[in-house]
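Grab the viewer and work through these exercises on empty space, strand pairing and backbone oddities. Each one comes with a worked solution.

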Amino acid sequence: MKKIDQICVIGSGVMGAGIAALAANAGIKVLLLDMKSAQDPNLITKTAITKMLTSKPASLSHPSRADFITPGNLEDDLDKIRDCGLIIEVIIEKLEVKQDLYNKLLPFLLPTTIVASNTSTLSLKPLKAKLPEWMAKNFMILHFFNPPRYMPLLELVSDKNTLKEAKNIAYDFITHTLGKEIVECKDTPGFIANRIGCFLLELVLRKTIKYELEIEIVDQVFSKYLSFPSTGIFGLYDLIGIDVMRLISSSLLSSLPSDDSFSIMYTPLEQITQMIETKYTGRKGLGGFYRMQVSGGVKSKEVLNLENMEYAS
């Protein structure tokens with residue numbers, strides 16, 4: 001079986017950077033690509049690598065692992081993907097944007113290159129609908145969870161047309177090289193985790209607003225008494241990203257019938273719209289349901305009041 005010794009990750013946001021770091025930790029060379037910047041062609045990916053060195057929880061097992069990651073951009077470095085056995089796309093959750101990227105990759109792909117999307121909600125069928133047959137057979141969904149270094153599971157979505165050899169190579173790389181456990185999912189909206197998890201997050205948010213509950217109390221209940229991670233509900237929402245959660249929910253709404261429980265429960269929230277418009281998109285933005293403030297060299301966590309949209313310690 002062919003071994004993967006170099007991969008390409010396209011998209012250097014929180015998730016893409018995390019996947020790149022995970023591979024680097026395993027001693028795999030990573031080509032990290034993103035949009036080209038005017039002042040420095042590779043500024044976006046260089047910045048992502050710099051952030052890896054200070055991320056919490058740490059995405060790199062040791063600072064030296066950053067040396068396994070090569071920054072690049074989608075205009076000057078596409079020819080380098082020929083050296084990569086696996087390409088993982090981690091860009092915005094919009095079908096047409098992803099399809100445009102795949103078309104851009106086509107001239108530089110080898111017939112044996114495995115291409116995967118890290119999408120958490122878009123179905124495999126439309127993602128590969130416009131691909132040539134040879135590429136479609138090597139295409140699958142590999143959905144990592146955030147943060148990739150610490151979350152053990154990975155959702156894999158394939159279909160009857162996926163080449164067995166390509167799937168076996170991906171399996172071997174994910175399990176033996178990256179040390180993850182694979183859960184095979186059917187090609188349904190949200191797969192397994194997001195179908196359940198996003199429903200819960202959106203439901204709790206709306207119940208919190210309706211019953212005027214305090215965010216930190218809700219999170220304490222979920223983490224202390226219901227065995228959730230320390231992030232609770234709202235800390236997890238911040239980690240995923242307020243804007244990303246809206247895209248995920250929009251994708252689910254477009255795929256699910258109107259009488260589905262998610263469709264019935266989900267209503268647009270003015271508070272979320274305001275947060276996205278003012279760049280309060282969670283940990284990657286100015287803040288989210290929580291934000292960190294520094295005063296006199298001392299960090300303190302502030303919590304959002306959903307009634308007046310103000311922060312308090």
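**Exercise 1.** Work out how much space lies in the second largest pocket of this predicted model, and which residues and elements line that pocket.

*Solution.*
- Start with the volume: the second largest pocket holds about 240 Å³ of space.
- Next, go to the lining, which is made up of 14 residues. Those nearest the pocket's centre are L213, E214, L304, N305 and L306.
- Now map the lining onto elements: α7 (193-210), α8 (215-225) and β10 (298-305) each give two or more residues. The largest share is three residues, and β10 supplies it.
- Finally, sort by character: seven of the lining residues are nonpolar, three are polar and four are charged.

**Exercise 2.** Count the cavities of 30 Å³ or more, then describe the lining of the largest cavity.

*Solution.*
- The count comes to one cavity at that cut-off.
- The largest cavity has a volume of about 40 Å³.
- Its lining consists of E202, R206, Y237, R246, Y266, P268, L269 and I272.
- Split that lining up and you get five nonpolar residues, three charged ones and no polar ones.

**Exercise 3.** In which sense do β2 and β3 pair, and what hand does the crossover between them have?

*Solution.*
- Strands β2 (residues 29-34) and β3 (residues 69-73) run parallel, paired over five bridges.
- To pick out one bridge, take L31: its partner in β3 is T70.
- Then follow the chain: from β2 it passes through helix α2 (residues 43-52) to reach β3, a β-α-β crossover that is right-handed.

**Exercise 4.** Find where the cis peptide bonds at P57 and P147 sit.

*Solution.*
- As a reminder, most peptide bonds are trans.
- K56 and P57 are joined by a cis bond with omega about -5°. P57 sits in the loop between α2 and β3.
- N146 and P147 are also joined by a cis bond, with omega about 0°. Look for P147 in the loop between β6 (139-144) and β7 (153-157).

**Exercise 5.** Take E212 and M309, which have a positive phi without being glycine. Is each one buried or exposed?

*Solution.*
- For E212, phi is about 55°, and the residue lies in the loop between α7 and α8. Its relative accessible area is 56%, so E212 is exposed.
- For M309, phi is about 60°, and the place to look is the loop between β10 and β11 (310-312). Relative accessibility is 17% here, under the 20% cut-off, so M309 counts as buried.

Conventions
Residues numbered from 1 in each chain as written. Predicted model: local features only at pLDDT ≥ 70, side-chain atom pairs only at ≥ 80, totals over all residues. Heavy atoms only, no water. 1 Å grid on protein atoms, 1.4 Å probe; cavity = no way out; pocket = protein on both sides within 12 Å on 5 of 7 lines; lining within 4 Å. Points joined across faces, edges and corners; volume = space filled by probe spheres on them. Nonpolar A, V, L, I, M, F, W, Y, C, P; charged D, E, K, R; others polar. Helix = DSSP H or I, 4+ residues; strand = E, 2+ residues; numbered from the N terminus. Pairing = 2+ DSSP bridges. Right-handed = clockwise from strand over helix to strand, strands pointing away. Buried < 20%, exposed > 50% of the residue type's maximum accessible area, 1.4 Å probe, protein only.
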